[in-house]
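Open the model in your viewer and keep the sequence panel visible. The stops below go from one residue to the whole chain and then to the ligand.

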Amino acid sequence: MLQVSIRPGQPEDEKYIREFTATTFEWGDYVADAFPTWLKGPGDVWVAQHLERVVGVTHVHYTRNGEAWFEGIRVHPSYRRLGIGRLLTEASISGARKKGATMAFCAIDSTNEASSALARSFGFEKTEHMIEHEKTLAGHPAGGGPQNNGASHEYEIRPATPQDYPRLIDLAAQEVRFIGCNFRWRPVSLQNIAPESSEERVLVAATDSGEVFACAFMGSVWEDPPRKEGEPWCFNVDIGAVFGELPAVSALLDYAETRLWGHGSKAKRGLENGPEVGREAELRIFVYTGQSQNSLSSYLLSRGFTVFSGLTCGAKAGIGIWSRVL
Ligand SMILES: CC(C)(COP(=O)(O)OP(=O)(O)OC[C@H]1O[C@@H](n2cnc3c(N)ncnc32)[C@H](O)[C@@H]1OP(=O)(O)O)[C@@H](O)C(=O)NCCC(=O)NCCS
């Protein structure tokens, strides 16, 4: 039997992780870049070591409400199916129990059979199915940004304040079970509703009288440099949850598109540092809807979004949110 030890991650492990995750998915992987941030954060980082080499990694993030979010599990391609994913998951579960978590969650791409089977073997069940919608904003900002469909005039878009939180819980309860962005979700609850990091914005659409009609969880704009010669530089923004009355949701989407547009425009004018200066950028917006949000999904399609097929395709496209009691 292979001698593998599971231990907390340390900075020297990054080089191994970078090497064995370089081609995890067709688009690459984010785990090696996230690893140093994970180490500095309050979550648990577990690595699997064989001889001198690190051959597996995973991270557990904790929500304000104390739920455990399992993410970024990776096993070196030459070491798969040897029980390492199982050992990393066991470490995650016992670490989360020690921290007092009573529920664990994770997101798995619907076509990822290996990861789904691993989660199932630990008693995780799929509790939500998120559909990923994508839109590339056409053209480039020469003449004032995206079309305004009129909805934005009626609403002020602003960050949510604690006074808004009970109203957001009411709005969310009718439509979504999970909130968050950038591929990390948490169950809807009063403790979880505030932004979890500086990367996340919780925005509301409110009328002049101050009444809130919709809410969006929006990530900060992230950049995808070209992977191959000739590919565009991409700026992306992710809305992991959006809910409320449709005209107000529409105003939030207008806001997100305008913001993304501004970012691309700034880069084109050479105001950003880096190789993208002066280049045309592709602007992409991702919006996730839960399984009770069919009408929002239809609205997104009418607004020029498509169901994202970058990682997956076909009827099974989407992301499962799995959960289990700890
Ligand atoms: C998912 C992953 C971490 C599993 O790691 P692993 O070390 O190979 O998993 P294990 O050997 O511990 O497998 C444990 C159980 O998971 C299931 N499983 C793992 N790989 C599987 C596969 N390819 N097909 C079907 N079931 C699989 C089986 O139930 C397995 O038990 P068994 O071998 O007794 O049948 C690994 O395949 C990987 O790194 N994949 C790429 C990254 C990824 O997709 N991460 C998850 C993103 S959500």
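A residue is buried if 20 or more other C-beta atoms lie within 10 Å of its own, exposed if 12 or fewer, and partly exposed in between, with C-beta atoms placed from the backbone. This is a predicted model: local features need pLDDT of at least 70, side-chain atom pairs count only at pLDDT 80 or more, and totals for chains, interfaces and linings use all residues. Residues are numbered from 1 along each chain as its sequence is written.

Select Ile6, which lies in strand 1 (residues 5–8); strands (E, at least two residues) and helices (H or I, at least four) are DSSP runs, numbered from the N terminus. Ile6 counts as partly exposed because it has 18 C-beta neighbours inside 10 Å.

Now add Trp46, Ala48, Leu87, Leu88 and Ala91: these are the contacts of Ile6 beyond its neighbours within four places in sequence. Contact means that C-beta atoms, placed from the backbone, lie within 7 Å. Then pick Val54, 48 residues from Ile6 along the chain; their C-alpha atoms are separated by 9.6 Å.

Zoom out to the protein. There are seven helices and 16 strands, and 40% of the 326 residues count as buried. Among contacts between residues at least 6 apart in sequence, 69% join residues at least 24 apart.

Finally, select the ligand. Its shell (C-beta atom, placed from the backbone, within 6 Å) has 19 residues, the closest being Arg80, Gly85, Arg86, Ala114 and Ala117. Strand 4 (68–75), helix 3 (84–98) and helix 4 (113–121) are the elements that give two or more residues to the shell. Helix 4 gives the most, with six residues.

Definitions and conventions. Two residues are in contact if their C-beta atoms, placed from the backbone, lie within 7 Å.
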